[in-house]
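Reader: Hi, I'm new to this one and would like a slow walk through a few of its parts. Could you put it up first?

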Amino acid sequence: MSDSIEKERPAWKPLDPLQRRVLGVLVEKAKTTPDGYPMTVNAIKTGSNQKSNRNPQLDLDADDVQATLDELREMGAVVEIQGDGRVVKYRHRAYEWLGVEKTELAVMTELLLRGEQTVGELRGRAARMEPIESLAEIRPVLAGLVERGLVIELTAEGRGQWVTHGLYPEGEQPDAEAIESAVRARERDLPATARSSKSGMDELREVVADLQRRVELLEKASQQAEF
């Protein structure tokens, strides 16, 4: 852990949907398209509204983004800097603000951008930012985040487990019981042969997540060309 994280106590607090999206975009782009980072308001707007790796889909304008950046800056999660040609740009301070390591931040970023998801999906998506080779590698990362309240387990630990971040404001957190019931209902509706091969289904989810990661890498290359 860096000296800055050791010396500065994490200051994280609940974030509303726009704050989660903007902070998530800043971290994501810093990791995946560093040539375009720090970011202008318009670049953050584009990243917030993109169709891939976002849930829900949003249609923010520049004023929405600027107001959200101002809120995050007051919280200490974002800083404003002068870029080339005196254009104002923004950097995140998520490492210090959340008190996390690189892989932990990749995991948190995917949860901020997408919300609740299975651990298998999360591993595949976060791996585009930091190397996470297997479910065995992400489990201790999640355990540390759960211990600090940054991640919430929505279903029981094991294959197909659902998790989300812990930065929801009061009353907005996903209904863990509803998710658990939906998962169980889906499994009941599966044929016996499919239930007996649940591990194969989890592997399939990981394959799908990896394919999505490849699509997003292509999108990243396209975005780099735009910058």
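Author: Before we start, one cut-off will help: a residue is called buried under 20% relative accessible area, exposed over 50%, and partly exposed in between. Please also keep in mind that this is a predicted model.

Reader: OK, so how does valine 88 count on that scale?

Author: Valine 88 has 28% relative accessibility, which lies between the two cut-offs, and therefore it counts as partly exposed. This residue is found in strand E2, which covers residues 88–92.

Reader: And what does valine 88 touch, leaving out residues up to four places away in sequence?

Author: With those left out, valine 88 touches Met39, Thr40, Glu80, Ile81 and Gln82. Valine 41 is 47 residues away from valine 88 in sequence, while their C-alpha atoms are 8.0 Å apart in space.

Reader: Switching to helices, at what angle do H2 and H4 cross?

Author: The axes of H2 (residues 17–32) and H4 (residues 62–75) cross at roughly 80° and come within 9 Å, so H2 is roughly perpendicular to H4. On the H2 side the contact is made by Leu18, Gln19, Val22, Leu23 and Leu26, and on the H4 side by Thr68, Leu69, Glu71, Leu72 and Met75. These contact residues divide into 7 nonpolar, 2 polar and 1 charged.

Reader: Last topic: which strands pair with E5?

Author: Strand E3 (residues 117–118) pairs with E5 in the antiparallel sense over 2 bridges, and strand E4 (residues 151–153) pairs with E5, also antiparallel, over 3 bridges. Valine 163 in E5 stands opposite glutamine 117 and also opposite glutamate 153.

Reader: Are the faces of E5 covered or open?

Author: Both faces of E5 (residues 162–165) are covered, with Trp162 and Thr164 buried on one side and Val163 and His165 buried on the other.

Note on methods
Residues are numbered from 1 along each chain as its sequence is written. This is a predicted model: local features need pLDDT of at least 70, side-chain atom pairs count only at pLDDT 80 or more; totals for chains, interfaces and linings use all residues. Side-chain values use heavy atoms; hydrogens and water are left out. Axes are lines fitted to C-alpha atoms, for helices over the stretch in contact, and angles run from 0 to 180 degrees between N-to-C directions. Helices (H or I, at least four residues) and strands (E, at least two) are DSSP runs, numbered from the N terminus. Angles under 35 degrees count as roughly parallel, over 145 as roughly antiparallel, 65 to 115 as roughly perpendicular and the rest as oblique. Contact means heavy atoms within 4.5 Å. Ala, Val, Leu, Ile, Met, Phe, Trp, Tyr, Cys and Pro count as nonpolar, Asp, Glu, Lys and Arg as charged, and the others, Gly among them, as polar. Buried means under 20% relative accessible area, exposed over 50%, partly exposed in between (1.4 Å probe, protein chains only). Two strands pair if DSSP finds at least two bridges between them.
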